[in-house]
Amino acid sequence: MTATAPQTSPRKRASNGTARRIDADEIGLDALVGHAGYAVRRFQIWIFQDFIRTLGAVDIRPTQYSVLTVIGANPGLSQMAVAKRLGIERARLVHLLDSLEQRKLVKRVKSKADRRSHALHLTVQGETALAKFKRLAAEHERHVEAKIGKENRAQLLRILAGFT
């Protein structure tokens with residue numbers, strides 16, 4: 001097993017104009033330190049990486065989990081309603097639903113009220129799988145709590161509640 005070198009960047013220049021390698025952690029962020037968007041994005045990257053690592057064995061991504069959870073809580077919603085509620089582009093949701101349908105987790109049923117739309121439901125297999133996914137997602141949330149602390153996690157959820 002070989003050790004990997006620390007992340008380096010040739011961005012800083014030595015006084016003679018030649019590039020010198022420095023560790024990524026040594027690179028100054030300047031004004032980014034005070035930008036909420038930058039901090040939220042970096043935290044989101046950590047969150048997604050941990051989620052994917054925690055739910056990797058069941059091959060579920062954050063967006064798939066969100067869609068399954070909303071359908072499970074609201075059987076019969078239209079694709080448009082799910083897309084709108086979760087802020088997902090309709091075309092992207094269609095592809096996502098195709099993959100969930102292929103895995104036999106979701107089924108589309110022609111709407112009785114509007115033949116142009118489909119009502120979304122979890123299959124029996126989807127309901128069982130979602131229960132497992134929720135247990136793994138709870139484990140992921142424990143990782144978040146371990147990273148930032150219980151009170152900070154609760155405060156973060158309160159702050160972000162206006163965006164959900």
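**A friendly tour of a predicted model**

Modeller: In this model, E4 and E5 are antiparallel partners joined over five bridges. Please keep in mind as we talk that the model is predicted.

Biologist: Thanks, that helps! What is the order of the strands in the open sheet?

Modeller: The open sheet is built from three strands, and their pairing is antiparallel. E4 and E5 pair over five bridges, while E3 and E5 pair over two bridges. E5 is thus named in both pairings. The order is E3-E5-E4.

Biologist: Which strands stand at the edges of that sheet?

Modeller: A strand at the edge has a single partner strand, so one side of it is left without a neighbour in the sheet. That is how it goes for residues 77-78 and for residues 106-110. The edge strands are E3 and E4.

Biologist: Which residue in E5 is the bridge partner of Ser-78?

Modeller: Let us start with Ser-78, which is found in strand E3. E3 pairs with E5 in the antiparallel sense, and Leu-77 has Leu-120 as its bridge partner there. On the E4 side, Val-109 has a bridge partner in E5 too, namely Ala-119. For Ser-78, the partner in E5 is likewise Ala-119.

Biologist: Is Ser-78 buried, partly exposed or exposed?

Modeller: Ser-78 touches His-118 and Leu-120, leaving aside residues up to four places away in sequence. Its C-alpha is 9.0 Å from that of Arg-108, a residue 30 positions away in sequence. Buried would mean under 20% relative accessible area and exposed over 50%. With a relative accessible area of 23%, Ser-78 is partly exposed.

Biologist: Now the helices, please. How do H2 and H4 stand to each other: roughly parallel or roughly perpendicular?

Modeller: H2 covers residues 62-73 and H4 covers residues 90-102, and their axes lie 11 Å apart. They pack at an angle of about 80 degrees. Angles from 65 to 115 degrees count as roughly perpendicular. That makes the arrangement of H2 and H4 roughly perpendicular.

Biologist: How many nonpolar residues are in the contact of H2 with H4?

Modeller: From H2 come Thr-63, Gln-64, Val-67, Leu-68 and Ile-71. They meet Arg-92, Leu-93, Leu-96, Leu-97, Ser-99 and Leu-100 of H4. By class, three of these residues are polar and one is charged. The number of nonpolar residues is seven.

Biologist: H2 seems to come up often. At about what angle does H2 run to E5?

Modeller: H2 does more than pack with H4. This helix also lies across E3, E4 and E5. Its angle to E5 is about 100 degrees.

Biologist: Which residues touch the most other members of the largest nonpolar core?

Modeller: In soluble globular proteins, nonpolar side chains tend to be buried together. Here the largest nonpolar core has 25 residues, and H2, H3, H4, E5 and H5 each supply at least two of them. Touching the most other members are Val-67, Leu-68, Ile-71, Val-106 and Phe-133.

Biologist: Let us follow Phe-133. How far is its C-alpha from that of Asp-59?

Modeller: Not counting residues up to four places away in sequence, Phe-133 touches Leu-55, Val-58, Ile-60, Tyr-65, Leu-68 and Leu-105. Asp-59 sits in the loop between H1 and H2, where it touches Gln-64 and Arg-103, with the same residues left out of the count. Asp-59 and Phe-133 are 74 residues apart along the chain. Their C-alpha atoms are separated by 9.8 Å.

Biologist: About what phi does Lys-104 have?

Modeller: Most residues other than glycine have a negative phi. Lys-104, in the loop between H4 and E4, has a positive phi although it is not a glycine. At 52% relative accessibility, this residue counts as exposed. Its phi is about 60 degrees.

Biologist: And what is the relative accessible area of Asp-30?

Modeller: Asp-30 lies in the loop between E2 and H1. Its phi is positive as well, near 50 degrees. Asp-30 is exposed, with a relative accessible area of 72%.

Biologist: To finish, what percentage of the chain do buried residues make up?

Modeller: The chain has six helices and five strands, following the pattern β-β-α-α-β-α-α-β-β-α-α along the sequence. It has 164 residues, and the buried part of them comes to 25%.

Methods
Residues numbered from 1 in each chain as written. Predicted model: local features only at pLDDT ≥ 70, side-chain atom pairs only at ≥ 80, totals over all residues. Heavy atoms only, no water. Axes fitted to C-alpha atoms, helices over the stretch in contact; angles between N-to-C directions. Helix = DSSP H or I, 4+ residues; strand = E, 2+ residues; numbered from the N terminus. Parallel < 35°, antiparallel > 145°, perpendicular 65-115°, else oblique. Contact = heavy atoms within 4.5 Å. Nonpolar A, V, L, I, M, F, W, Y, C, P; charged D, E, K, R; others polar. Core = buried A, V, L, I, M, F, W, Y, C linked by side-chain atoms within 4.5 Å. Buried < 20%, exposed > 50% of the residue type's maximum accessible area, 1.4 Å probe, protein only. Pairing = 2+ DSSP bridges.
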